[in-house]
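This briefing goes through the sheets, the helices on them and a few individual residues. The structure is shown first.

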Amino acid sequence: MQPMEKNVEKQLVVRTFEPDMNALKQTAKQLAHMQDTSLNLYGQAGEVLIVVTARAYAQAAATELTENVAEQFELALGPAAYGRGKGSLAYFTAGELIQSESTIAAADPATGALLAEEFSHTKRGPSVFDFGDGSYNDSRVVAKIKNAVYKYAEEGNAPQIAAARAAAAARFAHADFGVASVGMGTGAEVVYLAVAHRGYVYIKRIKNGEGAGKVVALSALDMVRRLAQKQPVDRARMFKANSDFDWNAPLKKRRSSKYAAPIAVLAVLLVALAVACWYFFTHFSLGGGNGAGGALPVSGSTSTSASAGEPASMPGTDASVSQPAGDGGSGTPDAGGASSTPQSSGNTGVVHPFG
């Protein structure tokens with residue numbers, strides 16, 4: 001009987017953008033000795049695709065092998081690994097924006113054309129990137145962007161111009177993200193790409209030349225994806241929007257804590273508990289006099305009095321009902337079976353709930 005052959009083959013693509021090449025090579029070297037698996041790398045415009053191929057006796061075993069290898073690369077590369085399969089960076093970025101109900105606005109026709117080209121390959125594009133009335137194609141929006149550049153950027157300062165354009169695009173196009181680029185097609189050595197989001201701008205310097213447009217478009221999508229996921233934006237400098245910033249003095253990277261939301265909820269609950277306790281003890285206290293903050297009210301038809309040598313009746317009971325000490329308040333029946341305790345001809349005694 002001939003042995004079974006591992007003739008079931010499975011491929012899985014791990015998609016990354018500008019990963020740490022040292023971490024990538026080290027992980028690939030560690031996994032290269034795994035049996036029945038092989039690795040291939042393909043790179044273009046900062047995007048690196050890791051193709052994992054596995055062979056096994058059955059489809060389930062081959063799938064498990066590829067997923068285990070993919071997880072190892074994703075753990076090693078962190079946020080640089082943005083997805084699996086055939087979906088492009090625009091596809092995954094649009095998915096993040098749809099989930100968070102966010103949109104992108106471009107500040108100039110050149111940047112808008114680059115983004116439109118990437119989004120044209122996915123049906124998700126029109127949901128997050130639109131050329132409607134709120135886009136830069138509107139003459140009113142264009143005029144407002146120009147005024148913002150004149151107000152917040154110095155002439156000839158490319159990083160500030162890019163930052164002012166991106167912030168103005170997000171503001172006047174009513175979008176969550178504004179994207180702008182400066183220097184492309186001008187013969188400059190570098191292109192400044194700016195992405196504005198929630199009062200900050202993230203600026204990246206990209207080498208100009210052949211293929212620079214593709215790098216600018218993918219870099220913008222990757223920055224937007226990271227910001228939508230609240231991930232650190234690597235290889236970009238952060239500045240306050242509409243500020244006179246120094247390129248060599250960027251702000252520190254903001255990292256969102258996963259414990260921030262639970263701590264905020266706990267603080268709110270503690271404050272609510274403290275308010276509830278204060279309200280209870282100030283309005284329903286058992287001690288003190290009548291009125292606000294006093295004791296619980298008792299029946300107004302009863303009165304309490306005690307004469308010398310006679311035990312006082314319990315508060316809230318009728319004064320005409322005598323309770324000898326040690327009797328527990330119950331009458332002692334006489335020989336005829338009648339109670340010896342005199343009964344009041346008026347109101348029946350009301351026993352206090354805490355008596």
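Which residue in S6 does Ala106 stand opposite? Ala106 stands opposite Val179 in S6. The model is a predicted one. The points below take the sheet that holds this pair, then the other sheet, then single residues and a surface patch.

**The five-stranded sheet**

- The sheet is open and has 5 strands in the order S5-S6-S7-S8-S9, with mixed pairing.
- At its edges are strand S5 (104-106) and S9, each of which pairs on one side only.
- On average, neighbouring strands of this sheet are turned by 25° against each other, direction ignored.
- S5 and strand S6 (residues 177-182) run parallel and are joined by 3 bridges.
- Ala106 and Val179 face each other, with Val179 in S6.
- Helix H4 (residues 109-119) packs on this sheet, where S5 and S6 are touched by the helix. The direction of H4 makes about 140° with that of S5.
- H8 also packs on the sheet and touches S5, S6, strand S7 (190-197) and strand S8 (200-207). Between the direction of H8 and that of S7 the angle is about 25°.

**The four-stranded sheet**

- A sheet of 4 strands, again open, follows the order S2-S3-S1-S4, and its pairing is antiparallel.
- Strand S2 (37-44) and strand S4 (81-84) each have a single partner strand, so one side of each is left without a neighbour in the sheet.
- Neighbouring strands here are turned by 20° against each other on average, direction ignored.
- Strand S1 (residues 8-17) pairs with S4 over 3 bridges in the antiparallel sense.
- Opposite Arg15 stands Gly83, a residue of S4.
- Helix H2 (residues 59-77) packs on the sheet and is in touch with S1, S2, strand S3 (47-56) and S4. The directions of H2 and S1 make an angle of about 15°.
- Helix H3 (residues 89-100) packs on the sheet as well, touching S1, S3 and S4. The direction of H3 makes about 100° with that of S4.

**Ala60 in helix H2**

- Ala60 is found in helix H2.
- With a relative accessible area of 60%, Ala60 counts as exposed, because exposed means over 50%.
- Ala60 and Val8 are 52 residues apart along the chain, and their C-alpha atoms are separated by 9.4 Å.

**Positive phi values in loops**

- Most residues other than glycine have a negative phi. Two residues with positive values are listed here.
- Glu18, although not a glycine, has a positive phi of about 45°. Its place is in the loop between S1 and helix H1 (21-31).
- Lys230 has a phi near 60°, again positive in a residue other than glycine. The loop that holds Lys230 runs between helix H8 (212-228) and strand S9 (237-240).
- Is Lys230 buried or exposed? Lys230 is exposed, at a relative accessible area of 58%.

**A nonpolar surface patch**

- Trp278, Tyr279, Phe280, Phe281 and Phe284 make a nonpolar surface patch of about 610 Å².
- Phe281, one of these residues, lies in helix H9 (residues 260-283).
- The relative accessible area of Phe281 is 58%, so the residue is exposed by the cut-off of over 50%.

Methods:
Residues numbered from 1 in each chain as written. Predicted model: local features only at pLDDT ≥ 70, side-chain atom pairs only at ≥ 80, totals over all residues. Heavy atoms only, no water. Pairing = 2+ DSSP bridges. Axes fitted to C-alpha atoms, helices over the stretch in contact; angles between N-to-C directions. Contact = heavy atoms within 4.5 Å. Patch = residues over 30% accessible without salt bridge, like charges linked within 9 Å, V, L, I, M, F, W, Y side chains within 5 Å. Areas by Shrake-Rupley, 256 points an atom, 1.4 Å probe, with all protein chains shown as cover. Salt bridge = Lys/Arg side-chain N within 4 Å of Asp/Glu carboxyl O. Buried < 20%, exposed > 50% of the residue type's maximum accessible area, 1.4 Å probe, protein only.
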